[in-house]
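Subject: A structure for you to explore

Hi there,

Here is the structure I promised to pass on to you. Have it open while you read, and my notes on what turned up in it follow just below.

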Amino acid sequence: MAVLLLLAPVAHAQTDLLGQLEKETVDPQKREVVAATFKGTHIINSQSVENPGKGTMAFLIQHRFGTLNSGAYNFFGLDQAVLRLSFEYGLTSRLAVGVGRSSQEKTYDGFVKYRAIQQSTGARAMPVSVTLFASTAINTLKFNASPDQQRTTASRMTYAYQALIARKFSPELSIQLMPTLIHRNYVATAPEENDVYALGGALRQKITKRTALTADYYYLFPGNTASNFRNALGLGVDLETGGHVFQLHVTNSLGMTEKFFVPETTGKFFSGDLYFGFTVARNFTVRPQI
């Protein structure tokens, strides 16, 4: 009995200490950055607000088959394919750069992404994350023309500029808006637009610990491009498998960079012009040699 009386103050002190630690852990005044708004740097067609971590190299394989409605002769699109390979590297926790090469028009592209604002809770809470994105793409196709009619390097260039604005509403739901400008140095005819404006939207809905549904859509503002091309729409699923994210999707856009899917989408999504594709991303930690 005496032993119990001696231990009682100790137990009470431990209870008070645990209670104090719990209060400190859930301190509403502490600023916490919201992480993993999306699980990868890409959604379907779109870039996401996410960057590779500082010192991390991401290797992406993006693959699109032909349209599902191309018939049995083309094995419902599996006989046709477009491939893009790319590397993305986190220079800092906010700044990333990347390069890629697509078999479509033998296009090389490079980009830079900067996380200007990060969503946070607690003191000085920020409701959204904002990442700024700029890319350049060059078409390296050989044109069947006389030497004096060959396209110049400048005429082969296309530029894309985006503000990626996202909010993680809950551990399951994230939404992103993407004001977009595409500038093309060269267009084939006078009515075509050098500058194309669009507004994109994307979401990610988590359904299990390692599975999420995704979608993205680009609305072309009225003009010649909107009158002759389609708005890009994609639906997909993200699968987390160990050290990489495996993304499956269908979309009405064959191209996998902004140069293609924003101003040059031709497929009618609800008429079966659907390109089945996938993206595999693998991250590697790059350590400097000492």
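Let's start with a salt bridge: the side chains of glutamate 32 and lysine 30 meet in one, with 3.7 Å from N to O. Please keep in mind that this is a predicted model, and that goes for everything below. Are these two partners buried, partly exposed or exposed? Glutamate 32 has a relative accessible area of 39%, so it counts as partly exposed. Lysine 30 is also partly exposed, with a relative accessible area of 48%.

The search of the whole structure found 6 salt bridges, and two others are worth a look.

In one of them, the side chains of arginine 115 and glutamate 50 come together at 3.3 Å, N to O. Arginine 115 sits in strand β5, while glutamate 50 sits in the loop between β1 (32–33) and β2, so this pair ties together parts that are 65 residues apart in sequence. Arginine 115 is buried, at a relative accessible area of 7%, and glutamate 50 is buried too, at 10%.

Another joins the side chains of aspartate 109 and arginine 84, at 2.8 Å from N to O. Aspartate 109 belongs to strand β5 and arginine 84 to strand β3 (residues 81–90), so the pair ties together parts that are 25 residues apart in sequence. With 10% relative accessibility, aspartate 109 counts as buried; arginine 84 is buried as well, with a relative accessible area of 2%. There is also a network to find on your screen: Lys39, Arg204 and Glu240 are joined into one by salt bridges that share partners.

Now for the spaces inside the protein. How many cavities of 30 Å³ or more does a search of the whole structure find? It finds 1, and about 110 Å³ of space lies in the largest cavity. The lining of this cavity is made of 18 residues, and those nearest its centre are Asp109, Phe133, Ser135, Thr257 and Glu258. You have already met Asp109 as the salt-bridge partner of arginine 84. The elements that give two or more residues to this lining are β5 (107–117), β7 (129–139), β8 (157–168) and α3 (258–261). The largest share, 4 residues, comes from β7. By class, the lining of the largest cavity has 7 nonpolar, 7 polar and 4 charged residues.

Next come the pockets. The largest pocket has a volume of about 450 Å³. It is lined by 27 residues, and Lys39, Gly40, Thr41, Val245 and Asn283 lie nearest its centre. Lys39 is familiar from the salt-bridge network with Arg204 and Glu240. Which elements give two or more residues to the lining of the largest pocket? They are β2 (56–67), β12 (233–241), β13 (244–251) and β14 (275–285), and β14 gives the most, with 4 residues. The lining of the largest pocket divides into 7 nonpolar, 13 polar and 7 charged residues.

The second largest pocket holds about 280 Å³ of space. Its lining has 16 residues, with Glu105, Arg151, Tyr186, Lys259 and Glu264 nearest the centre. In this lining, 5 residues are nonpolar, 4 are polar and 7 are charged.

Have fun looking around, and write back with any questions!

Best wishes

Conventions:
Residues are numbered from 1 along each chain as its sequence is written. This is a predicted model: local features need pLDDT of at least 70, side-chain atom pairs count only at pLDDT 80 or more; totals for chains, interfaces and linings use all residues. Side-chain values use heavy atoms; hydrogens and water are left out. On a 1 Å grid over the protein atoms alone, a cavity is a set of points where a 1.4 Å probe fits but cannot get out, and a pocket is an open set with protein on both sides within 12 Å along at least five of seven lines; lining residues have an atom within 4 Å of a point. Grid points are joined across faces, edges and corners, and a volume is the space filled by probe spheres set on the points. Ala, Val, Leu, Ile, Met, Phe, Trp, Tyr, Cys and Pro count as nonpolar, Asp, Glu, Lys and Arg as charged, and the others, Gly among them, as polar. A salt bridge is a side-chain nitrogen of Lys or Arg within 4 Å of a carboxyl oxygen of Asp or Glu. Buried means under 20% relative accessible area, exposed over 50%, partly exposed in between (1.4 Å probe, protein chains only).
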